[in-house]
Amino acid sequence: MGDISSIQEKRRSVIQDAIVRQNKKRRLMDRVFTGVTIACIALAMIPLGSILIEVVKNGASAISVEFLTRPQGSIVSGGGGIGPAIQGTLLVVGYASLIGVPVGVLAGIYLSEYAGNNRFAYIVRFFNNVMTGMPSIVIGIVGYILIVLAVGSFNITAGALALSIIMIPIVVGVTEETLKLVPHSIREAGHSLGIPKWRVTLFITLRSAKNGVLTGIVLALSRISGETAPLIMTILGTSLFFQFTFEGFTDPVDALPLRIFRLAALPYEHAESFGWGAALVLILIVLSLSMALRFLVLDRRYKASGGARL
Amino acid sequence: MINYQKGSIAAVTSEEYANSSVDYKLSSAQAYARGYKVSIRNLNSWFGVKQALKNINFDVKENTITSMIGPSGCGKTTLIRCLNRMNEMTPGAAVKGSVYLDDVDIYANGIDPVTIKRRIGMVFQKPNPFPTMSIYDNVAAGLKLNGIRDKKLINEIVEESLRGAALWDEVKGELGKPGSSISGGQQQRLCIARALAMQPEVLLMDEPTSALDPIASAKIEELLNDLKKDLTIIIVTHNMQQAARVSDYTAFMYLGEMVEYGPTKQIFENPQKELTERYISGKFG
């Protein structure tokens, strides 16, 4: 018996020593790891911060009521504003989401609620993933060939179509994923009340996943608001306001990213200042868009405390 | 001595059930004529190649509580999910046989499984209120989403159903609160109220108290006794004491077969099959 307890004693001290040694190492590793994560955060924030600071510093002085509402003045002497670009961005992005949101959400619903694991769904998912990474200039060319060549001029529909093609795969993916997070028991509860499947899907399942789907839509909207390449191929850019007439739909339209691109290429000082101003306006639009919807979502989450947080 | 009052155990004598196989030879029409609400005939179910239910036959009397007991995996949940055609919505599940609700086979051609679910309510194992809906909307959901627009009627039914589920007094001041904000036991009663709002004739309950604490469970057991005045209740339970306390009839299932079915008193005090006796006395399970 004495032997056994002395062996045990020995083992305990060996284990104890190892733990003490490990502890020193562990504390050091803890510190190193925390330091590395903080350094990476800082690294990630530097570009974001410097972009914001630079844009605000250079762009804030350009902003005025005239700048926000007037079309551009003389190229050489300056004056006027970027009214058509702001109007154009809101219109093209709005138009694109009119196409992209319903198509994306409904396709996501199909994949999550109706397709199961059939071959067709597999193919759709695969191509959807490919589409997410499609270079946007290629999508611009599609818009050019499909609409611009058919209509005979650059026009808003071509731009909206191109942007919606960028938007749809994002919305499809997020919708499918969030719907799959809704517990199956919620759907069954709906079915057990004798509610037809399409109503269960729209008014119970989708409603339960609303926060996630909205977040996905905002993500997609932010992404397309800043797209430039496909717009060059589809709406071209102009210094005139969009006219709400039949002809308006066959004329080029302006957009903020396009305006920034054009202004940056001009050798005049006022153009440079306008470019910064336009960049600031674009950032503010994207920011307020995502913040507005975020607050709606966050507010709901807060109210439904204890509920399924999706 | 025979008491024919609805809902009492004595409505069918033990002798009648002692040789219950005789009853199974009743046609569904004969069963209906004798006051049986639900008659199950030759019901089989499979998941893939595995048979989950083997030739189940039994009749459930109107305004009674029938409990299904048996070890895990014996098919009791599958069985009650077959009674409102919920089972077939599980991928890979197949069902064959007949379930008569009154005199109608719910598995007959041309019967819409959606409309069947309006007559047969269901309460699930875990409370599952609709997470983004208020307490009121949870109860009203079945009505609203089935196209009922009459606000006054909906208000009436919501209050009635919440009273029926013994929840009204606890939530009447806060019907606008999210359904997921109340306690687990209250959520389960909310789910019962949600099912009651559709005025079902039969209520299926799949281990409704297994996720609840004893006090919340007791409340629901108490509730069942009131509910059976208006409905026929079939309840799956893991808890034999619960089956003994609440039910008029008990069915013991094992490996997908119904081993024994009869008045609860008989099943627990004088089981006819050795397997039942061994399960009841805790020798396996």
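Where is B:Asn63 found? In this predicted model, B:Asn63 lies in the loop between strand 2 and strand 3 of chain B. Although B:Asn63 is not a glycine, its phi is positive, at about 55 degrees. B:Asn63 counts as partly exposed, because it has 19 C-beta neighbours inside 10 Å, and a residue needs 20 or more to be buried.

A second residue of chain B, B:Asp102, belongs to the loop between strand 4 and strand 5. B:Asp102 also has a positive phi of about 55 degrees without being a glycine. With 16 C-beta neighbours inside 10 Å, B:Asp102 counts as partly exposed.

**The sheet of 4 strands**

Both loops involve strands of an open sheet in chain B, whose 4 strands follow the order 2-1-4-5 with antiparallel pairing. Strand 2 (50-61) and strand 5 (104-105) of chain B are the edge strands, and each pairs on one side only. Within this sheet, strand 1 (residues 36-47) of chain B runs antiparallel to strand 4 (residues 93-101) of chain B. In that pairing, B:Arg41 has B:Ser98 of strand 4 as its bridge partner.

**The sheet of 6 strands**

Chain B also contains an open sheet of 6 strands, in the order 6-7-8-3-9-10 and with mixed pairing. Strand 6 (120-123) and strand 10 (257-263) of chain B stand at the edges; each has a single partner strand, so one side of each lacks a neighbour in the sheet. From one strand to the next, the twist averages 15 degrees.

Pairings from the two sheets are listed below.

| Strands of chain B | Sense | Bridges |
|---|---|---|
| Strand 1 and strand 4 | antiparallel | 8 bridges |
| Strand 3 and strand 8 | parallel | 4 bridges |
| Strand 6 and strand 7 | parallel | 4 bridges |
| Strand 7 and strand 8 | parallel | 5 bridges |

Individual bridges place particular residues across from one another. B:Ile65 stands opposite B:Ile233 in strand 8 of chain B. The bridge partner of B:Gly121 is B:Leu203 in strand 7 of chain B, while B:Asp206 is partnered by B:Val236 in strand 8 of chain B.

Is strand 7 of chain B mostly covered or mostly exposed? Strand 7 (residues 202-206) is mostly covered, as 5 of its 5 residues are buried. In a regular strand, side chains alternate between the two faces of the sheet. In strand 7 of chain B, B:Val202, B:Leu204 and B:Asp206 are buried on one side, and B:Leu203 and B:Met205 are buried on the other. Strand 7 of chain B also joins helix 10 (residues 214-227) and strand 8 of chain B in a right-handed β-α-β unit.

**The contact between the chains**

How many residues does each chain bring to the contact? Chain A contributes 23 residues and chain B contributes 25 residues. On the side of chain A that touches chain B, helix 7 (184-192) and helix 8 (197-208) of chain A each supply at least two residues. The largest share of this side, 6 residues, comes from helix 7 of chain A. By class, the side of chain A that touches chain B has 9 nonpolar, 9 polar and 5 charged residues.

**Confidence in chain A**

The pLDDT of chain A averages 90, and 95% of the residues score at least 70. Over residues 301-310 of chain A, however, the pLDDT is below 50. In the model, this stretch has 23 contacts beyond near neighbours in sequence.

Terms used. Residues are numbered from 1 along each chain as its sequence is written. Chains are lettered from A and ligands numbered from 1 in the order in which they are written. This is a predicted model: local features need pLDDT of at least 70, side-chain atom pairs count only at pLDDT 80 or more; totals for chains, interfaces and linings use all residues. Two strands pair if DSSP finds at least two bridges between them. Axes are lines fitted to C-alpha atoms, for helices over the stretch in contact, and angles run from 0 to 180 degrees between N-to-C directions. A residue is buried if 20 or more other C-beta atoms lie within 10 Å of its own, exposed if 12 or fewer, and partly exposed in between; C-beta atoms are placed from the backbone. A crossover is right-handed if, with the strands pointing away from the viewer, the path from the first strand over the helix to the second runs clockwise. Two residues are in contact if their C-beta atoms, placed from the backbone, lie within 7 Å. Ala, Val, Leu, Ile, Met, Phe, Trp, Tyr, Cys and Pro count as nonpolar, Asp, Glu, Lys and Arg as charged, and the others, Gly among them, as polar. pLDDT is the predictor's confidence in each residue, from 0 to 100.
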